[in-house]
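User: I'd like to learn how to read a model like this one. Can you walk me through it?

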Amino acid sequence: MKALPARWMWASTMLLFFCIVSMPAGAAEEDSKDINNYLVDISGGAVSAAGLVGAKSGITTIETSQDLVVALQPFSSAGQQKSAFGLAITPARTTLLPMAGKTYISSPFARLLGNLSFSYAQNQVTYSGTPYKATAYAVNTMHYFKLSDDPAYAASMAFKNCADKKGDEHARKVAELFAQRPSMEAAAFDKALAELMNGRATALISCTEAAVAALAKARWNSGRMSVSYGEGRLGASGGGSYSLGRSANLNAQLPAGDKGAIAISLRQTSAALDTSTLGMAAQAYKSSSLAAARYTYGDQGATALRALVEVSNAKASSGPSDRDTFKYAIGIDKKLMKGAWLEFRLGRNRATVDGKGQTAALMSFNISPTLLEFKK
Amino acid sequence: MTITVNAHDIVAQRPIEVSMTDSSGSHVELILLIGMLPPIRHAFAFTEGTITVPLPDLKPGIYKCTFVVQALKTKATPNRMYNVALDVNGHSVARCQGEIPSDRNNDFGFGDFKLTVAEAA
């Protein structure tokens with residue numbers, strides 16, 4: 001076992017933290033609004049139960065920065081899971097290193113940093129009757145190609161646009177009321193002001209939420225990309241540890257007309273332990289590359305229904321985390337509620353044990369982590 | 001109405017420059033009333049932190065002013081915290097910070113102050 005990769009991982013993590021801290025005109029500007037105030041649910045989740053039951057898609061759904069747990073899937077899906085723990089942090093969305101909205105929109109690089117997330121997960125797994133502790137670290141970020149598609153930016157601008165529509169009229173009414181104030185009873189003034197301001201709030205909130213919903217509906221297939229890197233280790237209770245692999249992922253999505261989207265995922269995995277060799281005198285490690293593409297047709301309504309077709313280059317010689325990926329499949333996604341999708345896939349993949357081709361069907365319930373986020 | 005705007009009188013020399021700062025988590029709309037001048041209103045996007053408001057050249061004298069603050073939360077922006085400030089010629093004149101009550105989706109308040117405009121030295 002080599003400890004160097006883990007150190008490298010930590011060093012790169014600290015370097016990226018340092019980048020955020022030292023950004024010019026960036027973090028922790030007291031007179032600016034920060035991006036952590038804008039948490040928007042944009043589509044179905046990426047933390048798929050499919051990863052736990054075996055067969056899975058080669059496509060990674062690009063989500064908000066809170067959803068980076070997906071990067072850990074290759075490490076946590078193997079073996080029998082007994083207990084799991086994970087945590088994730090997006091520094092720019094915390095109060096420790098908040099990124100000002102002004103900085104966030106200043107460049108694509110700033111937005112990549114603003115969505116940069118770090119995560120850690122651990123799990124107890126058992127192979128051939130022997131318990132092991134699996135741990136994994138990951139770094140992830142994502143980016144919308146068009147600023148206007150970015151949920152944080154869109155939510156903010158939706159409010160401003162709504163407020164500015166009838167802003168002058170509202171301000172004039174407020175000014176008129178305050179002009180009458182000297183001649184009014186205090187209670188009457190307070191009541192009139194409350195009516196005016198509460199009416200304004202009702203109109204603004206309604207307008208803003210409708211605008212955000214419309215933007216989200218139109219944005220499900222907007223162009224975006226995500227990049228992640230992670231690595232995992234498997235520790236034996238009696239000492240010693242094994243590499244579960246290092247995985248780099250690049251995912252991109254592009255719109256294909258109003259109702260279509262093309263998604264592409266590339267994954268490079270190296271030094272991934274073949275867990276079937278655990279307990280032997282020497283363990284085998286594999287490296288593999290996975291490329292997958294998917295075309296989706298559908299929409300983003302409250303009860304959206306989408307059809308899709310996907311292909312990948314998964315081979316019998318692929319690494320343990322990629323071997324059972326669908327070579328090709330058709331599927332249907334049905335939105336049950338906000339952030340919750342029912343997914344069905346039918347296609348061909350390879351058996352994990354012997355690598356032989358097989359027809360597989362998969363029904364999974366997919367929950368977006370945004371459903372679980374803390375509301376301030 | 002539970003927002004308390006802490007405001008105090010100020011003497012400032014011409015020309016007068018007003019700036020509004022918003023570092024709230026919630027959405028905020030601010031209105032500044034200066035004497036009989038047209039109201040100054042601004043709703044902040046998160047790309048804005050401090051804005052400077054151009055004012056007409058005010059004649060020397062005393063102006064009665066009111067700073068009105070409204071904070072709102074939406075589903076996309078559930079944060080309840082507000083923190084805004086008003087400066088005149090770089091000096092703080094009004095400020096408020098707090099949270100929208102948990103049983104409401106908006107709150108508002110105002111503060112009065114007198115602006116004494118003096119000739120430039």
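User: Where in chain A is confidence lowest, and where is it highest?

Analyst: Start there, since this is a predicted model. In chain A, the low point is helix 2 (residues 50-53), with a mean of 28, while helix 7 of chain A comes out highest at 95. Chain A averages a pLDDT of 73, and 70% of its residues score at least 70. Over residues 1-32 of chain A the pLDDT is below 50, with 44 contacts in the model beyond near neighbours in sequence. Residues 62-82 of chain A are also below 50, and that stretch has 83 such contacts.

User: Okay, next the contact between the chains: how many residues does each chain put in?

Analyst: Chain A gives 40 residues and chain B gives 33. On chain A's side, helix 8 (186-219) is one of the helices supplying at least two residues, and helix 8 of chain A has the largest share, with 11 residues. By type, the chain A side splits into 20 nonpolar, 6 polar and 14 charged.

User: And how do I read a nonpolar core?

Analyst: The general idea: in soluble globular proteins, nonpolar side chains tend to be buried together. Here, the largest nonpolar core has 64 residues, and those with the most contacts inside it include Ala158(A), Phe67(B) and Val84(B). Helix 6 of chain A provides the largest share of this core, 9 residues.

User: Why does this core lie between domain 1 and domain 2 of chain A?

Analyst: Because both domains give residues to it. There's also a second, separate core of 12 residues, including Tyr132(A) and Tyr242(A).

Definitions and conventions. Residues numbered from 1 in each chain as written. Chains lettered and ligands numbered in written order. Predicted model: local features only at pLDDT ≥ 70, side-chain atom pairs only at ≥ 80, totals over all residues. Contact = placed C-beta atoms within 7 Å. Helix = DSSP H or I, 4+ residues; strand = E, 2+ residues; numbered from the N terminus. Nonpolar A, V, L, I, M, F, W, Y, C, P; charged D, E, K, R; others polar. pLDDT = per-residue confidence, 0-100. Core = buried A, V, L, I, M, F, W, Y, C linked by C-beta atoms within 7 Å. Buried ≥ 20, exposed ≤ 12 C-beta atoms within 10 Å, placed from the backbone. Domains from an automatic or database assignment.
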